[in-house]
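Thanks for coming. I will go through one protein model, starting with how its parts are named and then moving to single residues and open spaces.

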Amino acid sequence: MKAVLEFETKLANITTSSELRRDEEALYNLMSIKELQELAGFIDWRSFFENAMKVVDKKIFPKEQVVVYAPDYLSNLTLLIKEYNETEDGRITLNNYLIWQTVRTLTGCLSKAFRDAYKGLRKVLIGSEGGEEPQWRFCITDTNNALGYAVGAIFVREVFHGDSKTHAEEMINEVRIAFKKNFKNLKWMDLETRKAAETKADAISDMIGYPNFIHITKLLDDRYHNLTVRNDTYFENNIQLNYYNLVKNLEKINEPVNKTTWSMFPSTVNAYYTPGKNQMVFPAGILQSPFYDSKYPASLNFGGMGVVMGHELTHGFDDQGREFDKDGNLHQWWNNNTIELFKNRTECFAKQYSKYQINGKNLNGNQTLGENIADNGGLKAAYHAYLQYTEGKPDPPPLPGINLTHKQLFFLAFAQVWCSTVTVETANLEIVKDPHSPAKYRVTGSLTNLKEFAAEFKCQPGTKMNPKDKCEVW
Ligand SMILES: [Zn+2]
């Protein structure tokens, strides 16, 4: 295992760091399979792709083009594998490495002895052995992972109320209007780019709750038609599921982009923005308390769900999303000068967040840049959407036992969403890997940049939550 670890460390060392892998224009290298073969000859790519495509009856030709995101990595990998292939020990290590990766990914579906053996590694990586969870929890997680749309249909029927979708649409539109309204305050943006940005914001499509097919039994059955699950072959079921997902993915090759497919199941408590589709998606799972409830006052809904909506919307305009146009195509639609000014402003965020520390370690403000831009833009857009939505309406009664105005409650709801606890090991791992800042700084980082927050809580200029130097992009 020592040799395997050494090999894996070498792989880590030739891997381009995540902060340098953010610029999609720079990463996008279109080449033919023949060119790929010249770049990275350690594998016969044509037969690799041909074998993969056999499962979906598709053919691959040498002129076929692929997008290579990491040419440097692949050429370095070729050298590394060549070196290992030269000796018997080296070949054994390569073999062991491949076996280890296979075993590692399947340990979770093996018997207790295997799962126990894996606990030590888990403990070192994330600070928790994971324990032996109750069986019902395994069953639910596994069923949801495998049949998420079928489980989602039950979930939606039980907890997702009919008017939630309409309310969510209304909120998104308020947030979108507030986001666009602020463009005119952004002095760094030229008029032409601003107009194009407005068009892009308007063109962002959204999907809320769940895909409609889950309510139509026939379509739901069709979806899982090729998935075979038996009640006495747990390991085999997992292999079948991997195969089923692989086929679903390969089927998309050479097909036009389908903008109606979902990448999350209905019960997921999360949301996402896809730059390639210029689309944001909010599953039914996140349209629940504490993010949203139809009985909550607007302050809590906008502070929770509204900020999530603003966050996803702003992703369309962060350092990665801005490279895609209104139709989701990667192509430059800003003028060079405005791009320079944008980069200067994002530099402010990179510096600000790089100063924050967790367990004595500094965050990486470049690795987390896109998420920080989205957090800051999202909070501001949601707050102004809230003001605009409640304008002229009387405030609802205050919440019992909490001596805060509704404007203050907006910020409290936002902060509360991020209440969480994490082990030291996991926090350290996140600092190195996660494109998001840790929860604490997702809250305080965005709040310290927003003058409206300081005004509502009467924070004196120059204090911790109201520093004189603030960063702003959107
Ligand atoms: Zn995000």
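First, a definition: helices (H or I, at least four residues) and strands (E, at least two) are DSSP runs, numbered from the N terminus. This is a predicted model, in which local features need pLDDT of at least 70 and side-chain atom pairs count only at pLDDT 80 or more, while totals for chains, interfaces and linings use all residues. Residues are numbered from 1 along each chain as its sequence is written, and side-chain values use heavy atoms, with hydrogens and water left out.

Now to the backbone. Asn-359 sits in the loop between strand 6 (357–358) and strand 7 (361–362). Its phi is near 50°, a positive value in a residue other than glycine. For comparison, most residues other than glycine have a negative phi, and most peptide bonds are trans. Asp-57 is not a glycine either, and has a positive phi of about 60°. You will find Asp-57 in the loop between helix 4 (45–54) and strand 2.

Are these two buried or exposed? The terms have cut-offs: buried is under 20% relative accessible area, exposed is over 50%, and partly exposed is in between, with a 1.4 Å probe and protein chains only. Asp-57 has a relative accessible area of 72%, so it counts as exposed. Asn-359 is at 42%, so it counts as partly exposed.

The peptide bond between Ser-289 and Pro-290 is cis, with omega about 5°. Pro-290 belongs to the loop between strand 5 (279–283) and helix 14 (298–315).

Next, two buried loop residues. Thr-107 lies in the loop between helix 6 (88–106) and helix 7 (112–126). It is buried because its relative accessible area is 5%. A polar atom of the Thr-107 side chain is 2.7 Å from the backbone oxygen of Val-103. That falls under the definition of a polar contact: a pair of N or O atoms within 3.5 Å, where within protein one must be able to donate a hydrogen and the other to accept it, and residues adjacent in sequence count only if both atoms are side-chain atoms.

Contact without the word polar means heavy atoms within 4.5 Å. Leaving aside neighbours within four places in sequence, Thr-107 has contacts with Phe-114, Arg-115 and Tyr-118.

The other buried residue is Ile-204, in the loop between helix 11 (191–203) and strand 3. Its relative accessible area is 3%, which means it is buried. What does Ile-204 touch, not counting residues up to four places away in sequence? The list is Arg-176, Tyr-273, Asn-278, Gln-279, Met-280, Leu-313 and Phe-317. Gln-279 is 75 residues from Ile-204 along the chain, yet their C-alpha atoms are separated by 5.2 Å.

Now the domains, whose bounds come from an automatic or database domain assignment. That assignment gives domain 1 (2–128), domain 2 (133–162 + 212–252) and domain 3 (163–210 + 260–456). Between domain 1 and domain 2, the C-alpha centres are 28 Å apart. Nine residues of domain 1 make contact with nine residues of domain 2.

Last, the spaces. On a 1 Å grid over the protein atoms alone, a cavity is a set of points where a 1.4 Å probe fits but cannot get out; a pocket is an open set with protein on both sides within 12 Å along at least five of seven lines; and lining residues have an atom within 4 Å of a point. Grid points are joined across faces, edges and corners, and a volume is the space filled by probe spheres set on the points.

The largest pocket holds about 1,600 Å³. Its lining has 50 residues, and Asn-249, Lys-252, Asn-258, Thr-261 and Lys-277 lie nearest its centre. Helix 13 (234–250) supplies at least two residues of that lining; in fact it gives the largest share, five residues.

How many cavities of 30 Å³ or more are there? The count is one, and the volume of the largest cavity is about 50 Å³. The residues lining it are Ala-178, Phe-179, Asn-182, Gly-377, Lys-380, Ala-381 and Trp-474. Helix 16 (369–390) is one of the elements supplying at least two of them, and it gives the most, with three residues.

That is the end of my part.
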